[in-house]
Each structure stands twice: as structure tokens, then as C-alpha cells.
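Subject: Handing over the structure and my notes on it

Dear colleague,

Please find below the structure that I promised to pass on to you. My notes on what was found in it follow directly after, with each term explained where it first comes up.

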Amino acid sequence: MSDASPRKTPILTVQQHILQEQKRFPGASGEFSWLLSGITLATKMIQAQVRRAGLTDILGTHGETNVQGEIQQKLDVYADEVLIHCLGVRESIGVLASEENEKPMILRHGSPNANYAVVFDPLDGSSNIDVNVSVGTTFSVMRRPKGDKVTDPDEWLLQPGSQQIAAGYVVYGPSTVLVYSVGNGAHGFTLDPSIGAYVLSHENIRMPSAGKYYSVNEGNRDSFPREYNFYLDRLRKGALGHQYSSRYIGSLVPDFHRTLLKGGIFLYPPTADHPTGKLRLLYEANPIAFIAEQAGGVASDGRRRILDIEPESIHQRTPLIVGSRVEMAEFERCVSAG
Ligand code: AHM
Ligand code: MG
């Protein structure tokens with residue numbers, strides 16, 4: 001059969017999906033879908049470079065200052081610049097913050113049109129690129145606090161994750177997949193490289209209520225709090241009805257994406273090196289927790305819901321435990337029993 005045979009069902013691109021979502025809000029101006037299109041454009045540009053990782057060192061021309069010079073930049077810096085470039089021209093964005101930059105960027109001082117702040121990790125897990133392992137981008141969108149001008153970006157950014165109005169991630173794996181939510185379910189889109197569009201592939205994702213895997217860096221187990229090891233032992237010993245297998249990529253986005261689709265649990269506990277956890281609350285834990293909850297899962301820092309944490313600083317870290325209802329309920333039992 002020819003590959004070129006027409007699709008049986010019409011495709012739905014992420015752009016069309018966002019427009020449909022927008023219709024739920026009467027009077028919506030379209031600025032929000034324009035904002036999200038900045039993210040989808042940037043992640044297409046990032047994936048194009050991720051796909052060439054490894055080639056650029058061989059084919060690249062070190063030291064030259066032509067346009068190829070951009071390709072030679074470290075990919076995480078490139079990803080950061082692309083997101084800032086694509087989002088920076090969106091009039092509705094007042095503040096941008098990134099894992100790559102210590103300070104947030106104020107884009108439109110006092111503009112009445114600047115209604116949103118966007119926080120992102122442009123290329124999470126980028127140390128995995130050298131060995132051709134999947135990486136991702138995470139993003140979170142906050143609304144401007146009422147009556148506030150863009151004078152203090154902290155007021156825009158330091159809101160609990162429950163205030164996110166959109167969040168999601170892109171996983172650069174065997175294919176490029178975008179998962180996003182505006183609070184009406186979590187939806188997944190796969191980039192069709194032949195047409196350059198994200199096409200709906202996972203509508204209204206539901207995380208299975210339980211799974212087969214736990215996902216944690218076991219190299220750190222000697223410094224996990226005691227109750228975490230007690231819990232992991234229970235999973236290994238079949239206390240939940242079967243013996244769990246372990247899966248750990250060391251890249252948050254694909255580790256979570258597997259957990260979202262297959263169920264189970266992902267943990268980054270407090271450790272000796274990272275006593276308050278390693279992952280960042282605003283642009284890693286919050287968007288992941290938002291997607292997890294939208295899909296029927298649970299996300300905690302070990303004591304409370306991730307989305308309830310009142311942030312104190314932009315780059316603050318948190319433990320992250322996220323997964324299916326069954327595994328999370330058992331985790332919470334183990335933690336509360338001490
Ligand atoms: P990064 O933001 O410096 O890329 O680090 C975050 C990454 C996550 O993708 C992943 O979950 C975690 O670090 C892995 O850490 P470890 O190597 O300690 O297991
Ligand atoms: Mg990161």
C-alpha cells in the first residue's frame with residue numbers, strides 16, 4: 001500500500017485544538033492561542049537541532065562566524081534563545097523566566113496588553129544528548145496578578161502551580177510529542193515531520209490507576225529518607241500485588257511521559273546532595289504536576305500537593321513524587337506512617 005494514501009480520519013493539529021479550546025471562553029481575544037503558537041514554533045525549531053545532534057560536531061565548521069555558527073552553540077543555550085525569540089514577540093507576554101537565566105526578563109514594562117508570564121526549562125536532561133537519549137522542554141503559563149504592572153516579576157512568577165492557566169512539555173524521543181493542558185484534560189500531539197505540524201495522537205490522556213514500574217535514581221538510595229526506602233522495598237517485594245520493575249532514564253520529561261501513559265510512579269526524593277530535592281518547582285515540577293492531575297494522577301513533594309506550594313524563589317527546588325493513584329496512595333501511607 002502506498003504511504004501517500006490519504007488519511008482515513010481528518011487530522012487535528014495542535015493549533016486547531018487550541019482554537020477549539022479557546023471557544024470555551026466567550027470573548028477570548030486569540031492572544032492566548034497566539035502565545036501557545038510561540039511555544040509550538042520554538043519546540044519545532046529545537047527538535048530540528050536535537051535531531052542533528054552528533055552531526056553538527058562532525059559537519060560543523062568550528063570558528064566560522066557564518067549562520068552555521070548558531071548550530072555549534074550548546075543545544076540548551078540554543079533552545080533557550082529560540083524560546084525567548086519566539087515568545088518575546090508575543091505582545092501578551094510580560095515576563096519570561098528560564099532555567100538557563102538567573103533573572104526573569106521583563107518584556108513590556110507596564111503594558112496593559114501584557115497579560116501572561118511564561119516559565120520554561122528549554123532543554124531538560126541535556127546531558128543525555130551526547131549519548132542519544134531522549135530530552136524534553138517543559139513550560140508553564142501564569143496570568144498577570146490582578147491590577148499589577150510588570151514592575152515586580154516575582155509577583156507574576158511566584159504563584160502556586162494551581163494558578164497555572166496552561167502547562168505542558170515536549171519530549172524529543174523517537175518522535176517529538178507535545179503534551180499540553182489548559183485545565184480541560186491533557187492532550188498529546190505527535191509532530192508529523194512530513195507536514196511540520198503537531199497532530200493529535202493522544203486525546204484526553206488518562207493515566208492508568210496503577211502501573212508496573214517505579215522510576216528513581218537508585219544510586220542515591222543510601223541517602224533517601226528512611227520512609228522512601230521502606231516504600232520502594234514494598235514495591236519490590238510485591239506488597240501492592242505484584243513485583244515492580246524499575247525504569248529510569250535520568251531525563252525528567254521522558255521518565256514522566258512513560259509514567260503518564262503506562263502508570264506507576266516517578267520519584268526524585270531529597271538526597272544528601274540535594275536535601276530539598278533536585279528538580280525545580282516552577283518550570284519542572286509544576287507543569288508535570290499539572291499534566292499529571294489533568295490525567296487523573298497525583299503529584300506531591302512528599303508532604304503536600306505540588307500545586308499547592310507557595311513558591312519563594314524562581315529557581316527553588318522541590319522533591320517530586322508523581323504517578324498513578326494506587327502507587328501514590330501507598331506512598332502517602334508510608335510517608336505518614338514515618
Ligand atoms: P537538568 O535540569 O540540569 O537537566 O537536570 C534535571 C534532570 C532531570 O531531567 C532528571 O529527572 C534529573 O535531572 C536526573 O538527575 P540524576 O542524574 O541526579 O538522577
Ligand atoms: Mg532542568
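Glu218 counts as partly exposed, since its relative accessibility is 26%; here buried means under 20% relative accessible area, exposed means over 50%, and partly exposed lies in between, with a 1.4 Å probe and protein chains only. Before going further, please keep in mind that this is a predicted model, in which local features need pLDDT of at least 70 and side-chain atom pairs count only at pLDDT 80 or more, while totals for chains, interfaces and linings use all residues. Residues are numbered from 1 along each chain as its sequence is written, chains are lettered from A and ligands numbered from 1 in the order in which they are written, and side-chain values use heavy atoms, with hydrogens and water left out.

Glu218 is also a partner in a salt bridge with Arg236, in which the closest N and O atoms are 2.8 Å apart; a salt bridge is defined as a side-chain nitrogen of Lys or Arg within 4 Å of a carboxyl oxygen of Asp or Glu. Because Arg236 lies in helix H6 and Glu218 in the loop between strand E9 (213-215) and H6, this pair ties together parts that are 18 residues apart in sequence. Helices (H or I, at least four residues) and strands (E, at least two) are DSSP runs, numbered from the N terminus.

The structure holds nine salt bridges, and another of them joins the side chains of Arg305 and Glu293, at 2.8 Å from N to O. Since Arg305 lies in the loop between E13 and strand E14 (317-318) while Glu293 lies in helix H8, the pair ties together parts that are twelve residues apart in sequence. Arg305 is partly exposed, at a relative accessible area of 32%, and Glu293 counts as partly exposed too, at 27%. A further salt bridge, 3.0 Å from N to O, is formed by the side chains of Asp301 and Arg304; Asp301 counts as buried at 7% relative accessibility, whereas Arg304 is partly exposed at 37%. Salt bridges that share partners also join Glu218, Arg221, Asp233 and Arg236 into one network.

Next comes the metal site. Which residues coordinate the magnesium ion (ligand 2)? The donors come from Glu99 (OE), Asp121 (OD), Asp124 (OD) and Glu284 (OE), at 2.0 to 2.3 Å; donors are N, O and S atoms within 2.8 Å of the metal (3.2 Å for Na, K and Ca), and as water is not among the atoms, sites may look incomplete. Along the sequence, the donor residues of this ion follow the spacing E-x21-D-x2-D-x159-E. Distant parts of the chain are linked in this way, with Asp124 in strand E3 (residues 116-124) and Glu284 in helix H8 (residues 281-294), 160 residues apart. Both Asp124 and Glu284 are buried.

Helix H9 (residues 325-336) has twelve residues, which at 1.5 Å a residue should span 16 Å, and its end C-alpha atoms are indeed 16 Å apart; the expected span is 1.5 Å times one less than the number of residues. Within H9, the residues Glu327, Met328, Glu330, Phe331, Cys334 and Val335 are buried. Seen down the axis, the buried residues of H9 fall within an arc of 160°, so they line one face of the helix, the arc being that of the directions from the helix axis to the C-beta atoms. Turned away from that buried side is a face of H9 that carries the exposed residues Arg325, Arg333 and Ser336. The cover over the buried residues of H9 includes helix H6 (226-236) and strands E11 (265-268), E13 (298-300) and E15 (320-323), where contact means heavy atoms within 4.5 Å. Just after H9, Gly338 takes a positive phi of about 75°.

Two other residues have a positive phi although neither is a glycine: Asn132, at about 60°, and Asn204, at about 45°. Asn132 lies in the loop between E3 and strand E4 (135-143) and is exposed, with a relative accessible area of 74%, while Asn204 lies in the loop between strand E8 (197-202) and E9 and counts as partly exposed at 39%.

With best wishes
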